[in-house]
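Here's a friendly walk through one structure, with a look at how some of its charged side chains pair up. Have the model open as you read.

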Amino acid sequence: MTIEHKFGWGPKTMLRPSESEMNRLAGMVSRGELHPVLNHTKWAELRAEMLTAPPEQHPQFRARSVFAPPDFCTDWDGEF
């Protein structure tokens with residue numbers, strides 16, 4: 001598995017962060033500004049539960065990248 005597949009970077013998903021963005025991210029982690037909350041197994045379990053939920057229980061969500069401007073957030077979505 002390539003790093004692009006492991007982290008979801010690719011032509012149909014997110015662009016791979018630049019070296020300066022990766023340095024910024026590393027700094028945020030080292031300062032305690034970011035904390036991992038789910039490992040790959042837990043993400044897979046969460047995704048499986050969302051996909052099997054009845055339509056009326058599908059969660060709505062918004063996404064925000066640590067590389068985006070501070071006030072940027074996507075519109076509400078329910079596709080996963």
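How exposed is K42, going by its relative accessible area? K42 comes out as partly exposed, at 42% relative accessible area. Keep in mind that this is a predicted model.

K42 has a partner, too: its side chain meets that of E45 in a salt bridge, 3.4 Å from N to O. E45 is partly exposed as well, with a relative accessibility of 40%. Both K42 and E45 sit in helix α3, which covers residues 40-52, and they are three residues apart, or about one turn of the helix.

That pair isn't alone, since the structure holds two salt bridges. The other pairing joins R31 and E33, whose closest N and O atoms are 2.8 Å apart. Why would such pairs form? Side chains of opposite charge can pair when their charged atoms come close.

Here are the two pairs side by side:

| Salt bridge | N to O distance | Relative accessibility |
|---|---|---|
| R31 and E33 | 2.8 Å | R31 54%, E33 45% |
| K42 and E45 | 3.4 Å | K42 42%, E45 40% |

R31 counts as exposed because its relative accessibility of 54% is over 50%. E33, at 45%, is partly exposed.

Now back to helix α3. With 13 residues at 1.5 Å a residue, α3 should span 18 Å, and its end C-alpha atoms are 19 Å apart, so the two values agree. At the start of α3, a side-chain oxygen of N39 reaches to within 3.1 Å of the backbone nitrogen of T41.

Technical notes:
Residues are numbered from 1 along each chain as its sequence is written. This is a predicted model: local features need pLDDT of at least 70, side-chain atom pairs count only at pLDDT 80 or more; totals for chains, interfaces and linings use all residues. Side-chain values use heavy atoms; hydrogens and water are left out. A salt bridge is a side-chain nitrogen of Lys or Arg within 4 Å of a carboxyl oxygen of Asp or Glu. Buried means under 20% relative accessible area, exposed over 50%, partly exposed in between (1.4 Å probe, protein chains only). Helices (H or I, at least four residues) and strands (E, at least two) are DSSP runs, numbered from the N terminus. The expected span of a helix is 1.5 Å times one less than its number of residues. A polar contact is a pair of N or O atoms within 3.5 Å; within protein, one must be able to donate a hydrogen and the other to accept it, and residues adjacent in sequence count only if both atoms are side-chain atoms.
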